[in-house]
Amino acid sequence: MKKRTQEILSRLDQVYTREYKCYLNYETPWQLLIATMLSAQCTDARVNVVTKDLFQKYDTLEKFAGSSLEELEQDIRPTGFYHTKARNIIGAARKLVTEYHGEVPDTLEELTSLPGVGRKTANVILGNIYQKPSVVVDTHVKRISTRLGFTREKDPEKIEYDLMKELPKDHWILYNIQIITFGRQICFARNPKCEECFLTDYCLEYKKKNKRRDK
């Protein structure tokens, strides 16, 4: 591991600890799967509000599999893109019930074969449920990894591979957890709080800003 990368991770560990936490509320693997599917283009906080009632109404995977599309659409409407999400949730639930005996699979290939499940959602499951080292590329990871110079790619899958090369395996899941907090508290997409940031000496964007000021 590069010394620079090690120093960045060390600072993240100091500020955010190495505690594993998931920002989505769930009790079972299939609940985390559905919550993660709902979190696309939606905040975790809003998803948690929706799933509080949703998981009481549909308290088994079989109920999701047999649910009415129109009714489920209305139940998840606040999360956005509810037509597509409802269709995918029902499709994924049916496949889990019929092909996997109600169990959420533990491989990337099987997970991404489920309707509406991409690499990001699959890696959330692998990391949080099965403790398998996995890199989750969400909007915060994408933005901040670019600012830190860990990747120049735009495509999430290519960013994932860059981070797998750059980061030690014991930080793959942890990096995502830490960067989500960092992105929500300091490193915003617009108007980041650079004056409060503890990583400005590694930030390519901060250096660009300073160069422009010096001219």
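This report walks through a predicted model of a single chain, from its overall build down to a few individual residues.

## The overall build

Let's start with the big picture. The chain has twelve helices and zero strands, so there is nothing but α in the pattern when you read along the sequence: α-α-α-α-α-α-α-α-α-α-α-α. Its C-alpha atoms fill a box of roughly 60 × 30 × 30 Å along the principal axes. For 215 residues, a compact globule would have a radius of gyration near 17 Å, and the 19 Å found for this chain agrees with that.

How much of the chain is tucked away? Of the 215 residues, 47% count as buried. Take the contacts between residues at least 6 apart in sequence, and 58% of them join residues at least 24 apart.

## Surface and charge

The accessible surface of the chain comes to about 11700 Å², and carbon and sulfur atoms account for 50% of it. As for charge, there are 36 positive and 30 negative side chains. The centres of those two sets lie 9 Å apart.

## The largest core

In soluble globular proteins, nonpolar side chains tend to be buried together. Here, the largest nonpolar core holds 37 residues. The members that touch the most others are Leu-54, Phe-64, Leu-72, Ile-76, Ile-89, Leu-111 and Leu-114. Which helices supply at least two residues each to this core? The list includes H2 (29-38), H3 (44-57), H4 (61-65) and H5 (69-76), and H6 (82-99), H7 (108-111) and H8 (119-128) belong on it too.

Phe-64 is a good place to look if you want to see how this core is knitted together. Leaving out residues up to four places away in sequence, Phe-64 touches Trp-30, Ile-34, Leu-54, Phe-55, Tyr-58, Leu-72, Ile-89, Ile-90 and Ala-93. Apart from this core lies another one, made of 23 residues. Tyr-16, Ile-144, Leu-167 and Tyr-202 are among them.

## Two helices under cover

Helix H2 is largely enclosed by the rest of the structure, because nine of its ten residues are buried. Those buried residues are Trp-30, Gln-31, Leu-32, Leu-33, Ile-34, Ala-35, Thr-36, Met-37 and Leu-38. And what covers the buried residues of H2? The cover includes H3, H4, H5, H6 and H8.

H8 is mostly covered as well, with seven of its ten residues buried. Here the buried residues are Thr-121, Ala-122, Asn-123, Val-124, Ile-125, Leu-126 and Gly-127. They pack against H2, H7, H10 (156-166) and H11 (172-185).

## Two buried leucines in loops

Not every buried residue sits in a helix. Leu-114, for instance, is found in the loop between H7 and H8. Is Leu-114 buried or exposed? Its relative accessibility is 2%, so Leu-114 counts as buried, the cut-off being under 20%. Beyond its neighbours within four places in sequence, Leu-114 is in contact with Leu-33, Ala-92, Lys-95, Leu-96 and Tyr-100. The C-alpha atoms of Leu-114 and Ala-93 are separated by 8.6 Å, though these residues are 21 apart along the chain.

Leu-167, a member of the other core, lies in the loop between H10 and H11. Leu-167 is buried too, with a relative accessible area of 4%. Not counting neighbours within four places in sequence, Leu-167 is in contact with Thr-5, Leu-9, Phe-150, Trp-172 and Tyr-175. Between the C-alpha atoms of Leu-167 and Ala-45 there is a gap of 28 Å, with 122 residues separating the pair along the chain.

## Two loop residues with positive phi

Finally, have a look at two spots in the backbone. His-101 is found in the loop between H6 and H7, and its phi is near 55°, a positive value in a residue other than glycine. His-101 has a relative accessible area of 73%, so this residue is exposed, the cut-off being over 50%.

Gln-131 lies in the loop between H8 and H9 (139-147). Phi of Gln-131 is near 50°, again positive in a residue other than glycine. At 55% relative accessibility, Gln-131 counts as exposed.

Methods
Residues are numbered from 1 along each chain as its sequence is written. This is a predicted model: local features need pLDDT of at least 70, side-chain atom pairs count only at pLDDT 80 or more; totals for chains, interfaces and linings use all residues. Side-chain values use heavy atoms; hydrogens and water are left out. A nonpolar core is a set of buried Ala, Val, Leu, Ile, Met, Phe, Trp, Tyr and Cys residues joined through side-chain atoms within 4.5 Å. Buried means under 20% relative accessible area, exposed over 50%, partly exposed in between (1.4 Å probe, protein chains only). Helices (H or I, at least four residues) and strands (E, at least two) are DSSP runs, numbered from the N terminus. Contact means heavy atoms within 4.5 Å. The radius of gyration is taken over C-alpha atoms; the globule rule is 2.2 Å times the number of residues to the power 0.38. Accessible areas come from the Shrake-Rupley method with a 1.4 Å probe; for residues, only the protein chains shown count as cover. Lys and Arg count as positive and Asp and Glu as negative; His and the chain ends are not counted. The place of a charge is taken as NZ of Lys, CZ of Arg, CG of Asp or CD of Glu.
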